[in-house]
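Student: I would like to learn how to read backbone torsions in a model, and how to place an unusual one in its surroundings. Could we work through a case together?

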Amino acid sequence: MRRQRSTAAVLRRAVGSTVIYGVLGIVSLATVIPLVWMVFTSLKAPPEYLTNSWLWPQDPQWDTYVTLFTERGFGRYFLNSLLVTVPSVSLILLLAAMAAYGLVIARPSMRSRTLIYFVIGQMIPVTAIIAPLYVMLRTAHLINSYLGLILVFVAGAMSISIFLTYGFFRAVPSEIADAASIDGAGRWRTFVAIYLPLGAPGLATVGIFQVLSVWNEILLVILIMQRNELQTLNVAVFQAVGEYGTDVPALFAGLTVAALPVVIVYLLFTRQFVAGLTAGATKG
């Protein structure tokens, strides 16, 4: 009887694992197949993508990518995206980490009130403040300015970034911070030597989310960066839908170039991202 129960338990685990991996496999295919199709289409001549859309191109047209950077200015747009994304995400992570550490060491009453403000901040959509935001930037002469766009991205991401980072910092054992204090470490040293290293997976998670948000933003970039040479890569691709709508391979090549940096960032920080999600799921 005991042996039969053990066999039944093994079968249930095997069936459960098969179902889980099967669902994950289907989800993975649903994510990867459109990307592969996009890359294949970008390498095909205009007649071929209509008749051979799901296979590797017979004669890959690498010149399509060269044309994007030499004739359509995608090199400048790519650089613009980097000039906005890197400083924005760096400032978001630095300020969110410092604010979250401040919340961890703050008095409980002050911490609770401050967290309520951050929660309220997450409820305000960008479209609700876009008009006053534009007036403020124009008054401050920050239209068509990288600084203006970076400040908007940083301010808009603070609420959710601080809220998430605080959750990860709160999971750091207080005994470690107390031991550092006994050894003579001040607030700043405790923050740099203990909270930043132990909260690195959480910061990586927040960083990936913010890279996706900043890199893919279109509305705010169109609003603030009104000169064509200052537009970011995704705005250039968005505008190319109408300008080069009949040249589908060129359009898909632009989408591939726009998606590639995000994929690379995710692959580089996959381990930290998964660790951050696990820590967020198990923290008390």
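Tutor: Let us start with a loop in this predicted model: Asn144 lies in the loop that links helix 6 to helix 7.

Student: What is the sign of phi at Asn144, and about how many degrees is it?

Tutor: The general idea comes first: most residues other than glycine have a negative phi. In this structure, Asn144 is not a glycine, and yet its phi is positive, at about 60 degrees.

Student: Is Asn144 buried, partly exposed or exposed?

Tutor: Its relative accessibility is 25%, so Asn144 counts as partly exposed, given that buried means under 20% and exposed means over 50%.

Student: Which residue other than glycine has a phi near 60 degrees, besides the one we have discussed?

Tutor: His141 has a positive phi near 60 degrees, and it too is a residue other than glycine. His141 sits in the loop between helix 6, which spans 130–139, and helix 7, which spans 146–170. With a relative accessibility of 70%, His141 counts as exposed.

Student: How many helices and strands does the protein have?

Tutor: The protein has 14 helices and 0 strands, so that reading from the N terminus on gives a run of α elements.

Student: What share of the residues is buried, and what share of the contacts joins residues at least 24 apart?

Tutor: Of the 284 residues in the protein, 36% are buried. Among contacts between residues at least 6 apart in sequence, 71% join residues at least 24 apart. The protein exposes about 16,700 Å², of which carbon and sulfur atoms supply 69%.

Conventions:
Residues are numbered from 1 along each chain as its sequence is written. This is a predicted model: local features need pLDDT of at least 70, side-chain atom pairs count only at pLDDT 80 or more; totals for chains, interfaces and linings use all residues. Side-chain values use heavy atoms; hydrogens and water are left out. Helices (H or I, at least four residues) and strands (E, at least two) are DSSP runs, numbered from the N terminus. Buried means under 20% relative accessible area, exposed over 50%, partly exposed in between (1.4 Å probe, protein chains only). Contact means heavy atoms within 4.5 Å. Accessible areas come from the Shrake-Rupley method with a 1.4 Å probe; for residues, only the protein chains shown count as cover.
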